Amino acid sequence: MKLEWRALPLHRLRSSLALLFAITFLAAGAMSLGAGMLADAQLDLGKIPAGAEYYVVARAVDGDAVGQAIAVVAGAEVRAQLRAGEILARAGTRDVGPDHLVVLEVHVSDRGDVSPNLRALDGVVDVIDLNASARAEFTRSRVVRGAVAGAGLLLLGCVVFVWAVVACAHAAGRECQDTIGVRVLLGVEAEGLWGPLGLAVGGVALAGGLASFAVTAFVVRAGIRAATLPVWWELAGLSALFLGTLGLAFGSARRAVARAARATVLAGLVVALVGVPVGHATGAPPPRGPQHGPVRDADILRALSRDLAVCRRAVHVARKGIAATELHGVVAAANADEALLRLAAAKRAQDVAALGEGEERCSALVAERQRLRGVLRSTRLLGPPIKPRQSPVQGDVAVRYGQAGRQPGTAGYRNGIALRTRGGESVRATAPGRVAYSGELPGSGSVVVIDHGRRTYSVYAKIGSSIVEVGEKVGAGQTVARARPGLLYFSVRHRGHAVDPLGWVANAPKG
Amino acid sequence: MVRFFHVARAYGAREVLSDVTLSLGGEIAVIAGAAGAGKSVLLRLLCGLEPPTRGWITVDGLPLAATAADVLAAHRRRLAVVPQNPLLIGDRTAIHNVSLALEVQGVPRGEAQERAGEVLVQFGCEEMADCLASTLSSGQRRLVSFARALAREDAKLVIADEPTAGLDPAAQALVGRLLRERAASGATVILASQQSGLPGLGDARVLFLDGGRVAWDSQGERASEAS
């Protein structure tokens with residue numbers, strides 16, 4: 001693949017790329033912030049206290065009695081009993097007995113505040129709540145809210161980032177449409193064109209994303225955000241950004257180049273197709289592409305009808321104008337006003353000529369509309385919706401659509417399916433229609449083909465015997481043949497192509 | 001030598017070319033027919049811009065339908081194509097537009113510009129060489145488009161869609177003479193036109209397309225007249 005670096009006028013893309021940078025910067029910022037919030041939530045999850053912790057300070061003489069009394073409080077459990085001297089010794093002071101106070105470490109499974117209950121016990125001097133702030137700060141609902149908000153922000157950032165890359169690639173393709181078209185026509189490989197375009201778009205998007213990550217890292221270092229992302233999160237995010245952005249940019253650029261080439265080169269060589277001269281003559285919108293033949297004709301037909309209405313209105317106004325001018329002429333003649341009479345005569349001649357032109361144009365438009373209606377009738381798939389639809393026999397599917405030929409003995413069921421049948425079983429029409437063929441075909445035995453309209457046919461082959469005649473009208477579920485024991489070949493053809501018969505039957509129009 | 005074997009092309013339900021079989025070589029052939037007869041589609045197939053729905057096309061033995069994209073691009077580098085819409089790059093000068101056709105063939109930029117200048121002189125467009133393509137009139141753009149195509153002196157196949165559209169009689173005669181010279185040097189010149197006759201191309205082979213089929217071929221007519 002030879003990249004045509006100088007091929008594309010990248011200077012035209014300055015504004016698109018600048019906008020892309022700004023959007024990707026913001027989107028990556030949102031992603032980074034969302035990921036940080038998720039990381040925070042993960043950290044906070046481990047900090048949610050399992051219950052309340054208290055130091056219950058009691059007189060030494062009442063220590064055991066208080067311990068027993070605490071057990072009465074719901075969910076409370078004494079985990080340790082310490083002398084005051086032991087606790088003070090933690091600070092480096094010498095443990096000198098005897099102690100006047102004892103401290104009971106109490107765990108209460110209830111996260112609510114039970115300190116008033118504990119304080120009310122006899123012998124209790126004081127109750128110290130050890131994790132009140134942690135209980136208040138790290139609640140499960142708060143952590144979940146943080147995680148949901150983070151995930152939402154991350155998702156929003158991703159969606160905006162992807163949208164920006166795809167939209168910019170397509171905008172760039174449109175900006176460079178003429179260059180792409182000319183170069184493809186002159187023989188430049190399309191890969192050589194979408195390569196630089198993808199690289200430009202991907203590079204700018206990556207720059208936006210990385211700049212945003214750099215700023216986020218700075219903000220984290222500055223201590224504005226509470227938690228930093230784990231290293232593996234950062235690495236995974238950066239890898240996804242690199243690979244995803246470049247893949248997306250190249251893929252979008254490829255489609256954009258293909259679209260631009262089609263729009264220019266094909267337009268350059270296809271102007272003479274049916275719709276265009278009519279469209280130009282009548283001011284109708286240009287056709288959208290060669291693939292939309294019937295739609296384009298319909299658009300032109302609508303434009304024609306609009307033009308015809310305008311033209312008829314103009315003819316009507318011209319007729320009224322002529323009548324008014326004639327009246328003026330008669331009045332001028334009665335008043336023997338020579339100048340006004342000549343003026344009226346000249347005006348009438350002009351109006352009559354305009355009327356003639358208008359009528360001629362109207363009849364031309366009517367003829368053109370007639371012709372296009374004929375084209376539409378011949379190209380559009382007319383006819384009522386094909387329904388109801390049903391399977392021709394009750395038996396199981398032996399060979400599914402697209403599986404024929406993969407196993408020995410199934411090659412004869414290509415473009416259709418094989419259904420198991422019992423000898424003499426009725427083979428029923430899958431939908432209403434008219435019998436298009438009934439007879440023997442080499443390799444298929446007896447065959448019945450039913451035309452359902454809309455260029456849709458169903459084919460029943462390898463049957464025992466047909467019981468319908470060509471041209472006969474059949475309803476859905478009407479018996480058209482008797483099966484032989486074994487497999488029935490069932491196929492549906494729509495507009496010249498085979499389709500999955502089971503899918504076709506299942507997708508019958510509703511109502 | 002260009003050969004079409006039972007070529008058909010359909011867009012959705014509409015078949016715009018049906019069972020076209022013909023061979024062209026070392027001559028000027030005018031594909032004539034009314035709007036919608038399938039002329040431009042035939043040229044697009046010939047340029048390898050899209051494949052036929054049925055049948056196949058060979059250019060000097062190269063089958064276009066079953067060929068990889070890079071080979072098709074190489075095929076287009078050997079063509080001289082004049083689309084109906086001139087397809088110039090608007091923010092480039094006329095000479096740059098012409099030299100581009102040579103640059104994509106690998107000709108160095110300096111040499112390409114020199115040859116482009118010579119071709120523009122042939123077309124009487126030397127004064128507009130340094131004008132931006134977007135500032136040219138439609139007739140001038142058409143001439144520059146012709147110059148770009150014919151700058152490829154080694155092109156064995158010259159394709160022009162509606163070659164006379166937008167050209168005054170003098171320019172039509174000039175283009176006719178240059179196309180005749182190109183055909184005399186062994187190239188196959190294929191023109192699509194709503195008219196069957198072009199100035200200076202009275203003896204060209206005419207294939208009349210109607211409803212996507214070759215309704216009349218002057219070569220067969222002449223053969224029958226000769227016999």
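**View 1. The Arg177(B)–Glu181(B) salt bridge in a predicted model.** Glu181(B) is partly exposed, with a relative accessible area of 41% (partly exposed lies between buried, under 20%, and exposed, over 50%; 1.4 Å probe, protein chains only). Its partner Arg177(B) is partly exposed at 37%. Their side chains form a salt bridge of 3.0 Å, N to O (a side-chain nitrogen of Lys or Arg within 4 Å of a carboxyl oxygen of Asp or Glu). Both residues belong to helix α6 (residues 169–184) of chain B, four residues apart, about one turn of the helix (helices are DSSP runs of H or I, at least four residues, numbered from the N terminus). The model is predicted: local features need pLDDT of at least 70, side-chain atom pairs count only at pLDDT 80 or more, and totals for chains, interfaces and linings use all residues. Residues are numbered from 1 along each chain as its sequence is written, chains are lettered from A and ligands numbered from 1 in the order in which they are written, and side-chain values use heavy atoms, without hydrogens and water.

**View 2. The salt bridge between Arg348(A) and Glu326(A).** The N to O distance in this pair is 2.6 Å. Arg348(A) lies in helix α12 (residues 338–379) of chain A and Glu326(A) in helix α11 (residues 293–334) of chain A, so the bridge ties together parts 22 residues apart in sequence. Arg348(A) is partly exposed at 35% relative accessible area, and Glu326(A) is partly exposed at 34%.

**View 3. The salt bridge between Asp129(A) and Arg135(A).** The closest N and O atoms are 3.1 Å apart. Asp129(A) is partly exposed at 25%, whereas Arg135(A) is buried at 8%.

Technical notes. Helix = DSSP H or I, 4+ residues; strand = E, 2+ residues; numbered from the N terminus.
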